[in-house]
Amino acid sequence: MIDSHGHPVAEGGGPLDLSSINVQLAATADERAERARSSPSRLSHEILSVRLATYLDCEVEEVGEARGRASTDWPGYVRGLFADAGIHGVVLDPGWKLEATTAQAERFSELIGCPVRPILRLEPLIDQMIQDGAGAQEVFFAVQEAVRQAPASGYRGFKTIIAYRTGLKVDPESNLERAQRSLDETRGLPPRRRGKALRDLILRSALGWAAEMGMPFQIHSGFGDSEIRLSEANPLLLEELLQTPEGSAATVVLIHGSYPWHEELAFLTLARPNVYAEISEFNLYTVGTVAQRLEQILDFAPTARVLCGTDGHGHPETYWFGAHVLREAWATVRRRWADQGARSSWLEDVERDIMERNTARLYGF
Ligand SMILES: [Zn+2]
């Protein structure tokens, strides 16, 4: 499998706190303690614990400590997990920090022993410039320059988390004048919620730049960590943007299966030939229903435009777990479709496409 979406992991091993594999962010010690108390009551925590206990050959209660012992040779441990999960390539979003670079992707590639294709996330630059008091025009041209420079730095695609900022209802009519006004009128807000018209203008333009460069563009849709306003992350909110020349020209990858809007995502993928559906993240967090969710997407979308990933992050076990869960889910869907009469040669092709070939084609593996 080539993983279509992931993030870097820690640079060293040690005991594992399973409750930190969570969409619930916890900034303070009290919040972390609360999270540690409630986390074991989640199904995904239970299944991950049991499977890791088997992998580490220990009792479920000892997983955290056993992982500490197993990971003393960190690269060896990480590579073992990736090999067991059958992952031999990763599309990597190096992260939320402005200093996240392709050098991180190189270190990650060395650690996991597989090729990695990094993508450039736009928001760290936008947020920093807004925070520093830059004007709309200045931000716009800085992002344009960063996008233009991206291939030379080794990036193979782009990503936006505008869903976490001002939402997916991007106004295609935005211009520089409105962009500046949106900064002026939101001075009292935190930077992440400021400048909607500026962010909308940048995204529409960046889709056009990416299209000219022939590079794919990941758009975060659906659930994420607890900072997201889920009501602003419905992929249907993108319909106006997708109707624009830039939105129709770019290779748009809607990530995370747009959870919980799988059928909406499937429709957008079918209706718009430049839209791709990426499946990741919910295979880490809603493990009881992955086959059902996967089938809702594959049932309608062209499988030639569906990509499978994990959203692995922080701990290499997330890649391992996400890949296994997804593969099992696909096996369930495949059996059902075979029972309905789909040919095994066709099913074999679909499997190769969604697990590997579609991602390899888009990101140049
Ligand atoms: Zn992610």
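Student: How many bridges join S6 to strand S7 (residues 275–279)?
Tutor: This is a predicted model, where local features need pLDDT of at least 70 and side-chain atom pairs count only at pLDDT 80 or more, while totals for chains, interfaces and linings use all residues. Residues are numbered from 1 along each chain as its sequence is written. Strands are DSSP runs of E, at least two residues long, numbered from the N terminus, and two of them pair if DSSP finds at least two bridges between them. S6 and S7 run parallel, and the bridge count is 3.

Student: In S7, which residue is the bridge partner of Val252?
Tutor: Look along the parallel S6–S7 pairing. There, Val252 is matched with Val275.

Student: And which S6 residue does Ile219 stand opposite?
Tutor: Strand S5 (residues 217–220) also runs parallel to S6, with 4 bridges. Across that pairing, Ile219 faces Leu254.

Student: Are the residues on the two faces of S6 (residues 252–255) buried or exposed?
Tutor: In a regular strand, side chains alternate between the two sheet faces. Here Val252 and Leu254 sit on one side, with Val253 and Ile255 on the other. Buried takes 20 or more other C-beta atoms within 10 Å of a residue's own, exposed 12 or fewer, with C-beta atoms placed from the backbone. Both faces are covered, and all four named residues are buried.

Student: Which helix joins S6 and S7 in a β-α-β unit?
Tutor: Helices are DSSP runs of H or I, at least four residues. The unit is right-handed (strands pointing away from the viewer, the path over the helix runs clockwise). Its helix, residues 262–271, is H12.
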